[in-house]
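Trainee: Could you take one strand of this model and walk me through it closely? I would like to see who its partners are and what surrounds it.

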Amino acid sequence: MNKLINYRILGISLLAVSLLVPVYVNSVHAQKVSINGAGATFPFPLIDTWRTEYQKVNPDVNLNYASIGSGGGIKQFTEKTVDFGASDAPLSETEFQKAGSAVHIPETLGSVVLAYNIPEVTTPLKLTGPVIADIFLGKITKWDDPKIKELNPDVTLPSENIVTVHRSDGSGTTYVFTDYLSKVSPEWNQTVGKGKSVQWPVGIGAPGNEGVAASIQGTPNTIGYVELAYALTTQMNFAAVQNQEGNFITPSVNSTMAAVSAETSTLPSGSESWSNVTITDPPGPDSYPISSFSYLLLYKDLSTNPTIDEQKAKAITEFVEWAVTDGQQFAESLGYVPLPQSVVDVNEATLKSLTFNGNPILTN
Amino acid sequence: MIKDNRTKDYKSIIQERVAKNSFKRKVFNNFMTVLLFVFVIIAIIPLASILFEVFKNGVGALSFEFLFSPPGAFGSGEGGIGPAIQGTLIVVGLASLIGAPVGVLAGVYLSEYSSSSRSFAYFLRLFNDVLTGIPSIVIGITGYIALVLTLGSFSIMAGAFVLSIIMIPIIARVSEETLKLVPNTLREAAYGLGLPKWKVVWHIVIKGSKSGISTGIVLAVSRVAGETAPLIMTILGTSLFFSGFNSPVDALPLRIWRLASQPYPEAHEQGWGAALVLILLILALSVALRMFAQKRSTFKSTT
């Protein structure tokens, strides 16, 4: 009989503990606001740094960001299952119409680099836009192709097949990359075009910037496109790309900044459509040609999403304001470009125009 | 004399033949024993090497901080998998709270109450088996459309719901088979004592097959604890601890997947650590449940 009672007590206490742990944790977090976002993998290293840093600034707000790709970010934002979306591609005209009253808040700038894994080659390769397009079209299949050799006379290239790696999910990085290729290669423009996901003629697919980076690292003789931060943190080799003026530019924070300052004079306001905004293939002797804004997506009136209450709306707006101002200090060390003042001004105006049930959220 | 000699001859001939035959048989017997043993070893190799590999790579990641703190910034290799462990426990616990009663009671119906409507029971079994075979990602998408989109957020409830749907057919099937094993004489004896049907089912049939039913529950729990696909569609994953029933949570399989797809060696080590934790968790759970059920049923049988 004692044994039976013992087991009953054990069972009941186990059950009680398993039920109480969440209740306890819940009560600890009860005063906290959780902001849920999802989308682009391109700015994920930066946003994830913001998550830990913003805890120090405002311990009552938890940020939760899932890097599921820009395509997923736009979808979940439009379905209102998350509080904010993130995408490196601006909403297209149809997506913008479907979302209703969305605002774009560029939160950082980054560049897309051509990362490669050729065990024999350690010096940086030089590539031009048309050659990159030919590689991804499957027209250049060997690393020692004359077109690549001509650009890199000092490098001994192996006679191996080129394996291209591209994104398998809907991706803003893909959008930026194909946007660039469409500008520099008429053939690319006609056969493949630009978009968050396109019909790749050749190559293997991998999910997310993480996945592409991991695939390149794990497979010899591969080339793929990832955000600069992923190439820097994983110590991959990446190519210098020829810009409009004929110079070969190594992607870096400075060369991306040069590209941005050449193109930011004519930005729309936050609540207008940004579908035509692009900073790929910019003028300027020092501009790296493949770079992009990354956007946070919010509704102009935050109550459009029924799961957002007034307290949360305030928390979201304050977080975004922090991110586009103080949060920019973390950008450079991760390989992102801090927003130029002109873009911060656009963002400040956008944030001031945000409302909840028609009332402005930021009072000052 | 002669007769005697003859019988001796026969005896020796038979003995000879038997000895000859039995030598063949012995060789064949030994050969088959060795062969079977080899196949057992071959069957165990994958399991053993998986356990060995996970343990070898994962044990280095384990620490107090790893088990209880939220993940650090992307690629930093800091922090841990606290929210994932907590999320898995809560989601699987809630899924069992929904799935176990429904599954067991469905098994009870099929075994004890379906004799009056055989064709209905036939279709029930058929659909139950079909449900077992549906890929979990499809169940995940169903949960996304039915719960995430209608409730408006990724949530722990949606995750528990889809996992319980995966659990129900497994539990129902195993429960039905175990209940059928209870000897009919026991039921008859109970009826003979004048017990009503529900008492017979509850006190005799279910209590008598408790260890079998709990085996079914353990099977289902370990199956869903390792599910990733339906959870991507329903709980999304997060870096935060549980913060309410209508917000995203994390789970171990999701965290392993995320860590494994990062291009950093530190993240891979954490991924191995998380895999080790998941395996140990399932192991502990099944051992505990099995011991619990067995101890209780042996106690019952001695009274």
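**Strand β4 and its surroundings**

Mentor: Happy to! Let us start from a single pair: the bridge partner of A:A115 in β8(A) is A:G224. This is a predicted model, in which local features need pLDDT of at least 70 and side-chain atom pairs count only at 80 or more, while totals for chains, interfaces and linings use all residues. Residues are numbered from 1 along each chain as its sequence is written, chains are lettered from A and ligands numbered from 1 in the order written.

Now step back to the whole strand. β4 of chain A covers residues 102–117 (strands are DSSP runs of E, at least two residues; helices are runs of H or I, at least four; both are numbered from the N terminus). Of its 16 residues, 15 are buried (20 or more other C-beta atoms within 10 Å of their own, with C-beta placed from the backbone; 12 or fewer would be exposed, in between partly exposed).

Next, the partners of β4(A) (strands pair if DSSP finds at least two bridges between them). With β8(A), residues 222–227, β4(A) shares 6 bridges, and the two run antiparallel. Antiparallel pairing also links β4(A) to β12(A), residues 291–299, this time over 9 bridges. If you look for A:H104, you will find A:L297 of β12(A) as its bridge partner. A further antiparallel partner of β4(A) is β9(A), residues 237–238, joined by 2 bridges. There, A:Y116 is bridged to A:N237.

What packs against this strand? One neighbour is the helix α2(A): its buried residues pack against β4, along with β2, α10, α12 (310–324) and α13 (331–334) of chain A. Among the buried residues of α2(A) are A:F44, A:L46, A:I47, A:W50 and A:Y54. The helix has 14 residues, so at 1.5 Å a residue (times one less than the number of residues) it should span 20 Å, and its end C-alpha atoms are indeed 20 Å apart. Still, α2(A) has a kink of about 25 degrees centred on A:R51, where the bend is the angle between axes fitted to the seven residues ending there and the seven starting there. A:R51 is itself buried.

The same helix leads us to the neighbouring chain. In total, 37 residues of chain A are in contact with 31 residues of chain B (contact: C-beta atoms within 7 Å). The elements giving two or more residues to that side of chain A include α2 (44–57), β2 (61–67) and α10 (228–233). The biggest share, 8 residues, comes from α1(A).

For contrast, look at another sheet of chain A, an open one with 3 strands in the order β5-β10-β11 and mixed pairing. Its edge strands, which pair on one side only, are β5 (126–127) and β11 (248–249). β5(A) runs parallel to β10(A), residues 240–242, with 2 bridges between them, and A:L127 has A:V241 of β10(A) as its bridge partner.

Finally, the wider frame. Chain A has 14 helices and 14 strands. Its 364 residues are 50% buried, and its C-alpha atoms fill a box of roughly 80 × 60 × 35 Å along the principal axes. Among contacts in chain A with a separation of 6 or more, 75% join residues 24 or more positions apart.

Methods: Two residues are in contact if their C-beta atoms, placed from the backbone, lie within 7 Å.
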